[in-house]
Amino acid sequence: MSNDLQPAVDVSGLVKTFGSVRAVDGIDLQVQPGEIVAFLGPNGAGKSTTLDVVLGFTTPDAGSVRVLGLSPKQAARNLRTGAILQAGGLLPDYTVRQSVDVVAAMRGSRGDIDAVVELTGITAVLGRKVSKCSGGEQQRLRLALTLLGNPDLMVLDEPTAGMDVTARRDFWSAIRERAAGDKAVLFATHYLQEAADFADRIFIISRGRIVASGSVDEVRALGEGTVVTATWPGCRTDDVTRLLAPVASTIRGAEVHGEHVEIRTTQPDDVARLLLTATPAHHLGVVALSLDDVFADLVDAA
Amino acid sequence: MTTIAPASTTTARPRLLPYALTEFRNNILYPDTIIFTILLPLGLYLTFGAMTSYGDQPVGNGNVAAYTMICMAVFSVSMSATAIAGGSAVELAGGWGRQMMLTPWGLRGYYAVKAGCALVTSLVPLTLIFAAGALTGARCGSWTTWAASYALCLVPALPFSLYGLAVGMWFRSNQAVGTATASLSLWGFLSNVFLPLGGVLLKIAHFTPLYGGAMLALRPLLGDVVITSDGEVTEPLWQPLTNLIAWTLLLALICVASQRRAMARR
């Protein structure tokens with residue numbers, strides 16, 4: 001290929017406003033060929049808007065966007081991009097077979113039909129009307145339409161929303177099989193676990209800005225502190241503040257659920273020592289901060 | 001930037017025809033299409049045109065059967081236009097347009113397929129009704145009148161495709177489009193198409209959306225004459241023409257407003 005060195009997605013300084021709302025407020029985002037990148041953020045953070053720009057559906061108010069070295073519209077017209085769009089995007093009155101045939105014809109990729117149908121596991125429902133398919137079946141059809149023409153960049157907007165764990169795993173194994181080599185995948189999700197399980201790299205977006213990016217481990221490391229858990233009979237919230245006063249400056253938060261106490265701290269050893277000597281707490285545990293905690297921190301801080 | 005060859009495994013040329021054929025097939029086999037835009041107008045023509053005692057009474061250049069035939073064809077074409085344009089607005093609202101934007105043809109390809117299908121789907125009942133007319137004694141006088149009437153029956157598709165679009169874009173539901181299509185029965189009645197009106201109803205008819213297109217389609221047969229319940233009345237060309245243009249513009253404006261509303265909601 002002539003442009004192997006071009007990033008699959010290269011967004012810089014992207015701004016998009018709707019009326020007075022700055023949906024996207026200066027985003028930089030790169031996806032290299034061969035990478036699976038998660039775009040993680042709460043609802044309304046600006047994920048879909050950014051993806052719309054990458055796909056050429058909307059034009060940004062400021063900033064530059066290149067897709068495989070082309071403008072987003074050119075890339076789409078040259079069949080370099082494929083996308084699973086949030087909900088909809090299908091014709092309810094068409095059968096699954098008709099949907100695949102029509103999009104394959106329009107993408108000039110009828111040779112791909114058999115392989116794609118098999119890979120996405122829709123053979124059994126080919127004769128069914130789209131409106132009669134389950135949510136999971138419709139999502140597999142969307143994936144099939146995306147894969148037709150073997151695009152170099154796949155943009156997936158909340159691709160597994162509403163799927164159960166097995167379906168989600170099958171879905172991603174199909175994507176991985178197709179994305180092997182130098183294909184790039186950029187997917188939006190608000191499921192942290194999905195980003196952690198399937199992405200090589202994560203961008204966290206909140207209120208239109210990127211608040212963190214990196215590998216799963218790098219993002220996890222951004223969280224400050226460790227969690228000390230303990231069983232503390234008869235504990236009340238003010239007990240924690242009172243008895244742990246000597247290490248108060250290291251504590252980032254505490255939660256009491258009945259007898260179960262969770263204390264987030266930068267000095268787990270000191271907190272543990274104090275818990276064992278100055279309080280009735282026992283059954284101590286020290287665990288790393290969960291991704292959820294890190295994510296909540298990053299999003300709240302933005 | 002240099003041109004880059006598509007890097008996919010694709011070798012075939014992108015084609016619109018398979019989509020157009022699938023779309024046409026689904027359209028024409030849709031029960032609502034068969035019942036309401038084909039069988040209903042055809043049945044009405046046979047009942048109130050061909051099989052009546054007054055069917056062969058002279059009217060304009062031809063006879064009453066031809067008059068009824070043209071009225072029913074206009075009714076059918078308007079329903080097709082409303083249903084197809086409305087359906088496509090709902091499809092676009094449902095995100096199908098984005099799917100199309102990821103193909104080399106883009107939305108232009110989609111519009112071409114839809115417009116082509118709308119035309120062919122309208123031509124089916126139109127041709128059937130005219131064929132039935134020719135076989136059951138409708139007389140238009142000359143071949144040019146037959147041809148002109150046939151062609152002008154497509155004119156109401158202009159305001160009514162905008163009518164369907166406006167409803168589809170505003171309500172984004174197939175039920176709403178179905179209701180809009182069914183409302184053609186009301187417009188047919190209120191526009192002097194189902195039966196000759198008189199008095200206040202005829203005055204109102206001049207302001208309803210089907211009147212202009214329908215009366216234009218009847219001009220090759222009737223000339224300057226309009227059939228009313230009080231007999232034949234002369235009406236200058238500008239009257240149906242004004243109605244047609246005014247409704248087309250008004251409905252186009254409503255489409256623009258619906259589009260703005262949809263954008264603002266995003």
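User: What makes N192(B) count as buried?

Analyst: In this predicted model, N192(B) has a relative accessibility of 0%. Buried means under 20%, so N192(B) counts as buried. N192(B) sits in the loop between α9 (184-190) and α10 (199-205) of chain B. Its phi is near 75°, a positive value in a residue other than glycine.

User: Where in chain A is L68(A), and why is it called buried?

Analyst: L68(A) lies in the loop between β4 (62-67) and α2. Its relative accessibility is 5%, and the cut-off for buried is under 20%, so L68(A) is called buried. Phi of L68(A) is near 50°, again a positive value in a residue other than glycine.

User: And G46(A), why does that one count as buried?

Analyst: Here the number is 6% relative accessibility. Set that against under 20% for buried, and G46(A) counts as buried. You'll find G46(A) in the loop between β3 (36-40) and α1 (47-54) of chain A. G46(A) and I205(A) are 159 residues apart in sequence, with 7.4 Å between their C-alpha atoms.

User: How do you know that D152(A) and R80(A) form a salt bridge?

Analyst: Their closest N and O atoms are 2.5 Å apart. A salt bridge needs a side-chain nitrogen of Lys or Arg within 4 Å of a carboxyl oxygen of Asp or Glu, so D152(A) and R80(A) form one. D152(A) is in the loop between α5 (135-147) and β6 (153-157) of chain A, while R80(A) is in the loop between α2 (72-77) and β5 (81-84), so the pair ties together parts that are 72 residues apart in sequence. Both residues are buried.

User: What about R242(A) and D239(A): why are they about one helical turn apart, and is each one buried or exposed?

Analyst: They are three residues apart in helix α9 (residues 237-243) of chain A, so about one helical turn separates them. Their side chains meet in a salt bridge at 3.0 Å, N to O. R242(A) has a relative accessible area of 55%; exposed means over 50%, so R242(A) is exposed. D239(A) is at 9%, and with buried set at under 20%, D239(A) counts as buried.

User: How do you know that R273(A) counts as exposed and D270(A) as partly exposed?

Analyst: R273(A) is at 51% relative accessibility and exposed means over 50%, so R273(A) counts as exposed. D270(A) has 30%; partly exposed covers what lies between under 20% and over 50%, so D270(A) is partly exposed. Their side chains meet in a salt bridge at 3.3 Å, N to O. Both lie in helix α10 (residues 268-278) of chain A, three residues apart, about one turn of the helix.

User: How many salt bridges are there over all chains, and which residues are linked in a network of them?

Analyst: The search of the whole structure finds 17. R22(A), D25(A) and R209(A) are linked in a network of salt bridges.

User: Over to chain B. Why is I34(B) called partly exposed, and which nonpolar patch is it in?

Analyst: I34(B) has a relative accessible area of 31%. Partly exposed falls between under 20% and over 50%, so that is what I34(B) is called. I34(B) belongs to a nonpolar surface patch with L29(B), I35(B), F36(B), L39(B) and L40(B), with about 510 Å² of accessible area together. I34(B) is in helix α2 of chain B, and that helix (residues 31-50) gives the most to the patch, five residues.

User: What makes up the lining of the second largest pocket?

Analyst: The pocket has a volume of about 300 Å³ and is lined by 16 residues, with V64(B), Y67(B), T68(B), F194(B) and P196(B) nearest its centre. The elements giving two or more residues to that lining are α2, β1 (58-59) and α3 (64-93) of chain B, and α3(B) has the largest share, five. By class the lining has 14 nonpolar, two polar and no charged residues.

User: And which residues line the second largest cavity?

Analyst: M215(B), L218(B), R219(B), L222(B), G223(B), V225(B), V226(B) and P240(B). The elements that give two or more residues are α11 (211-222) and β3 (225-228) of chain B, with the largest share, four residues, coming from α11(B). The lining divides into six nonpolar, one polar and one charged. The volume of this cavity is about 50 Å³.

How values were computed. Residues numbered from 1 in each chain as written. Chains lettered and ligands numbered in written order. Predicted model: local features only at pLDDT ≥ 70, side-chain atom pairs only at ≥ 80, totals over all residues. Heavy atoms only, no water. Patch = residues over 30% accessible without salt bridge, like charges linked within 9 Å, V, L, I, M, F, W, Y side chains within 5 Å. Areas by Shrake-Rupley, 256 points an atom, 1.4 Å probe, with all protein chains shown as cover. Buried < 20%, exposed > 50% of the residue type's maximum accessible area, 1.4 Å probe, protein only. 1 Å grid on protein atoms, 1.4 Å probe; cavity = no way out; pocket = protein on both sides within 12 Å on 5 of 7 lines; lining within 4 Å. Points joined across faces, edges and corners; volume = space filled by probe spheres on them. Nonpolar A, V, L, I, M, F, W, Y, C, P; charged D, E, K, R; others polar.
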